[in-house]
Structure formats: structure tokens, C-alpha cells
Amino acid sequence: MKHARAQAYIRQLCCLGLGKEVLIPELLRAIHTVIPSESNVFTGVNGNMVPTYVIPEYVLPEVVEPLKSERDRIFTSQFLARLVQWYSRHRIMPDPTIPDERFYQSDLYHLVFRPYNHYHRLQAMLRNHGVPTGGVSLCRSQNQRPFSLDDQQLLERLLPYVEYGLQAHGVEAGAEYVDSGQGGMI
């Protein structure tokens, strides 16, 4: 019952109409209760699947600068083409070596994933009307078990709710929070 309640919480969270700034951090935290992981990451992408922003559960400052300065060298056109090819046929990438068989020897792994202790990854592509908008990555360290097929299927069942939640516009910029007596939230 506890597992079903955690899934229901994620579905409700995604249907509240919250903005991305509020939804994503809470979603990353809540996914732990459904699919155990060491840490989770949200990556916003443009239509060509190039990362435009990253929201990790916690920030390691030593990763930020190398990722910014090495972005074009790390995300080569060949690497991105393999991502596009994979995600055109699949919703989930269960193994980080799929786009690059030498992933664990790559700069991407050593500069970005290794400092976070991300070895096993379960990545899901999110879309808005067929266009890639971002991805959710669940991560485990090398001494933890890899993600199972059940984990993958469970994440896949949650994706429509997450995609719906990310389409919400949230609170308009400049909205004032004052007690006017005209509305409320339960």
C-alpha cells in the first residue's frame, strides 16, 4: 500500500499545475519513494536534444564549470545523433553505454557523473507534443544494484504524468501573494 500511495503522490503532484521551478525539485525527491536511487537529475533539452539546463538534487560546484566550458566537446554531434536515434524508438535508456560504448572512459563520465557517484543510470526522455523537452535520470552508485526491468516499467508508467506536469504554466511572473480573501488553497 505504501508504494501505491507514493505513486499516487507523484501523479497528484504532476496534476497541480505547478511551475517547473516548484515541480521538478519535489518530483526528484518524490521519485526516491517509488524507485530507490542515490540521486536524481532533471535535464532540460532543446529540440536537438542538446542540454540547456540541469537541475540535480544537489549541486557539486566542481562539476559546474567543467560542464559549462566543455559542453560542446562532450556533447558531440555523433553522441547527440545516437541519442536522437535511441529516443526516436524508446522512452527509456536503461544503460549509459548505449550512446557511447566507451562511456565509463569518457570525459562526460569523469567530469560530470563520477563526482556525483552516478554509475547506474535509468534515463527517460520527456516530450511535449512529440518534441523533446527534457529528461529525468535516476542514478545509483557502482556498489548498488543496477536498475531492474520493473524499475524501468514503473518509471515509464509515470512519464505521462510528468510530461503533463511540465506543460503547466504555474504562477504568472509578477503575481502577488496577498491575503485578499478572494481565493485560497487547500
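# Worked exercises on strands, core and pockets

Strand β3 (residues 92–93) pairs with strand β4 in the antiparallel sense, over 2 bridges. Residues are numbered from 1 along each chain as its sequence is written, and the model is a predicted one, in which local features need pLDDT of at least 70 and side-chain atom pairs count only at pLDDT 80 or more. Totals for chains, interfaces and linings use all residues, while side-chain values use heavy atoms, with hydrogens and water left out.

Helices (H or I, at least four residues) and strands (E, at least two) are DSSP runs, numbered from the N terminus. Two strands pair if DSSP finds at least two bridges between them.

## Exercise 1

Task: Identify the strands that pair with β4, and state how β4 and β5 are connected.

Solution.
- Step 1. On the β3 side, methionine 93 has glutamine 123 of β4 as its bridge partner.
- Step 2. With strand β5 (residues 131–140), β4 forms 9 bridges in the antiparallel sense. One partnership joins asparagine 128 to valine 131 in β5.
- Step 3. A hairpin connects β4 and β5, with 2 residues between them. Histidine 129, in the turn, has a positive phi of about 55°.
- Step 4. Strand β4 (residues 120–128) is largely enclosed by the rest of the structure, because 7 of its 9 residues are buried. Buried means under 20% relative accessible area, exposed means over 50%, and partly exposed lies in between (1.4 Å probe, protein chains only).

## Exercise 2

Task: Establish which strands are joined to β1, and decide whether its faces are covered or open.

Solution.
- Step 1. Strand β1 runs antiparallel to β5, and 6 bridges join the two. Here valine 41 stands opposite serine 137.
- Step 2. Strand β1 also runs antiparallel to strand β2 (residues 51–56), through 5 bridges. In β2, proline 56 is the bridge partner of valine 41.
- Step 3. β1 and β2 form a hairpin with 5 residues between them, and methionine 49 in the turn has a positive phi of about 70°.
- Step 4. In a regular strand the side chains alternate between the two faces of the sheet. For β1, Ser39, Val41, Thr43 and Val45 are buried on one side, and Asn40, Phe42 and Gly44 are buried on the other, so both faces are covered.
- Step 5. Since 7 of the 7 residues of β1 (residues 39–45) are buried, this strand is largely enclosed by the rest of the structure.

## Exercise 3

Task: Give the number of disulfides, and explain why cysteine 15 does not form one with cysteine 14.

Solution.
- Step 1. A disulfide is a pair of cysteine sulfur atoms within 2.5 Å.
- Step 2. The closest cysteine sulfur to that of cysteine 15 belongs to cysteine 14 and is 6.6 Å away, too far for a bond.
- Step 3. The count for the structure is 0 disulfides.
- Step 4. Cysteine 15 counts as partly exposed because its relative accessibility is 44%, whereas cysteine 139 is buried, with a relative accessible area of 0%.

## Exercise 4

Task: Describe the largest nonpolar core and the largest cavity.

Solution.
- Step 1. A nonpolar core is a set of buried Ala, Val, Leu, Ile, Met, Phe, Trp, Tyr and Cys residues joined through side-chain atoms within 4.5 Å.
- Step 2. The largest such core has 26 residues, and Ile10, Leu138 and Leu155 have the most contacts inside it. Two or more residues come from each of α1 (2–14), α2 (20–34), β4, β5 and α6 (149–167). Helix α2 gives the largest share, 7 residues.
- Step 3. On a 1 Å grid over the protein atoms alone, a cavity is a set of points where a 1.4 Å probe fits but cannot get out, and a pocket is an open set with protein on both sides within 12 Å along at least five of seven lines; lining residues have an atom within 4 Å of a point. Grid points are joined across faces, edges and corners, and a volume is the space filled by probe spheres set on the points.
- Step 4. There is 1 cavity of 30 Å³ or more, and the largest cavity has a volume of about 30 Å³.
- Step 5. Its lining consists of Ile10, Ile31, Val136, Leu155, Leu158, Leu159 and Val162. Helix α6 gives the most to this lining, with 4 residues.

## Exercise 5

Task: State the volume of the largest pocket and which residues are closest to its centre.

Solution.
- Step 1. The largest pocket holds about 770 Å³ of space.
- Step 2. Thr43, Pro51, Val54, Leu67 and Phe75 are the closest to its centre among the 35 lining residues.
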